[in-house]
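The following exercises are to be worked with the sequence and the coordinates at hand. Each task is followed by a solution in steps.

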Amino acid sequence: MSLSSRRQFVAGALGLVAMRDLPAAAENHELSLAECAAKKGLLYGCAVSSDRLANDKPFAALVADQAAILAPEWELKRDPVQSVEGQWNFSGADGLAEFARQHRQKMRGHTLVWYYGVPPWIEQRLRDARSENLLTDMITVSCERFKGRMHSWDVLNEIVEPQQGHPDGIRIKSPWYQAFGDSYFATAFEAARAADPDCLLFYGDYNVEMASREHELRRTAVLKLIEKLKKQNAPIDAFGVQGHLRAFRDRFDEEVYARFLRDVQGFGLKLMVTEFDVADRGGPADIAKRDAEVASLTRRFMDVSLDNAAMLGVITWGLSDKYSWLSVYPDYKWPAGQLSRGLPYDGGLQPKPMRAAIADAFLARK
Ligand code: GLA
């Protein structure tokens, strides 16, 4: 199917109004977000789960149309993959990989080592034996299984937490840290490289984007960890800026964020925004006003992100407000069940000002 007929199909499937009736940036709605990014040699994609793709056809059509790369929202974490000792469950991730293959999309692996979502049996074994295989088996098995099919893997996820008292800001309350101390970071990267030599290997972290002291401490800790990994010759290729922004809680400062990206780039790493969304809790009740402020922050954040030559692309953590952790997570969800509005498309799969902001930022990139 040609791109334009594919878009007509999507519009029909979604019950969308004709493209010419859409508000704002008409030209940009004719191009998918993936196409806007591709014009500048960049990637746009989103996180999804395979059951949504299987059970919600209009949503799946939108994902097929807009995204050039998919990340599993949940299905490649330890919890689903290793919930039972001695068994591997890749059914969800396989479903996603098949969808990506059918629609010629790339895929990211997310995530191999994370303090959260570790099955209880692994935590117990780590306390009993501290065997390094508990760390590396998942890395080796997962990377080998998807070898040649992954654009990138998040090897380490959310490793710093300066408030926990470690001198370099490393997260101490992690079963991995409790078992191996500071020594497991390089081991994880080496195991991933050995299993899939051609895939980009990432460390990703959150709350590194805004101007606050908390974010500044986290940026310092991230840079220290990257410096340490480089000194150890760990095969790290890129840093993932998660990009979970809070529009009405934190102040954004272009210079501060740009400097951080330059500092990471200075270590020879590529960059990618890997989990972008904007929590809108605390914003105006008027939806048009709230959407405008979310879009404005989106544009400022995107412009600085894309201005860095090491940036590979942007992944949003979901595509439509219909399915977003922002409407579930206690700190971010609105009372009385109203949906958060932190993603490019609303709960009815209609494009929002945030979508136009992302498209415009891609197209404006120099
Ligand atoms: C973190 C994780 C993601 C996802 C998001 C939102 O950033 O890295 O896998 O769980 O939180 O829930």
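## Exercise 1. The ligand shell

Task: Determine how the residues of the shell around the ligand divide into nonpolar, polar and charged.

Solution. The model is a predicted one. The shell divides into three nonpolar, four polar and three charged residues. To assign the members, begin with the list: the ligand is surrounded by K77, H110, W114, N157, E158, Q242, H244, E275, W317 and W325. Because Trp counts as nonpolar, W114, W317 and W325 of the shell form the nonpolar group. Lys and Glu count as charged, so K77, E158 and E275 of the shell form the charged group. The polar group then holds H110, N157, Q242 and H244.

## Exercise 2. Polar contacts of the ligand

Task: Which distances separate polar side-chain atoms of H110 and H244 from an oxygen atom of the ligand, and how far is an N or O atom in the side chain of E275 from an oxygen atom of the ligand?

Solution. For H110, the distance from a polar side-chain atom to a ligand oxygen is 2.6 Å. For H244, the corresponding distance is 3.2 Å. In the case of E275, a side-chain N or O atom lies 2.6 Å from an oxygen atom of the ligand. A polar contact requires a pair of N or O atoms within 3.5 Å. As for burial, the ligand on its own has 300 Å² of accessible area, of which the protein covers 87%.

## Exercise 3. The largest pocket

Task: Describe the space taken by the ligand and its lining.

Solution. The ligand takes the space of the largest pocket. The volume of this pocket is about 710 Å³. It is lined by 23 residues, and W114, E158, H244, W325 and Y329 are the closest to its centre. In terms of secondary structure, strand 3 (106–114) and strand 7 (244–246) each contribute at least two lining residues. By class, the lining divides into eleven nonpolar, six polar and six charged residues.

A backbone feature also belongs to this region of the chain: H110 and T111 are joined by a cis peptide bond with omega of about 10 degrees, and T111 is found in strand 3.

## Exercise 4. The second largest cavity

Task: What volume does the second largest cavity have, and which residues line it?

Solution. The count gives two cavities of 30 Å³ or more. The second largest has a volume of about 40 Å³. Its lining consists of V113, W114, Y115, E158, I159, R171, S174, W176 and Y184. These divide into six nonpolar, one polar and two charged residues. W114 and E158 appear in this lining and also in the shell around the ligand.

Key: Residues are numbered from 1 along each chain as its sequence is written. This is a predicted model: local features need pLDDT of at least 70, side-chain atom pairs count only at pLDDT 80 or more; totals for chains, interfaces and linings use all residues. Side-chain values use heavy atoms; hydrogens and water are left out. A residue is near a molecule or strand if one of its heavy atoms lies within 4 Å of it. A polar contact is a pair of N or O atoms within 3.5 Å; within protein, one must be able to donate a hydrogen and the other to accept it, and residues adjacent in sequence count only if both atoms are side-chain atoms. Accessible areas come from the Shrake-Rupley method with a 1.4 Å probe; for residues, only the protein chains shown count as cover. On a 1 Å grid over the protein atoms alone, a cavity is a set of points where a 1.4 Å probe fits but cannot get out, and a pocket is an open set with protein on both sides within 12 Å along at least five of seven lines; lining residues have an atom within 4 Å of a point. A molecule sits in a cavity or pocket if more than half of its atoms lie within 2 Å of its grid points. Grid points are joined across faces, edges and corners, and a volume is the space filled by probe spheres set on the points. Helices (H or I, at least four residues) and strands (E, at least two) are DSSP runs, numbered from the N terminus.
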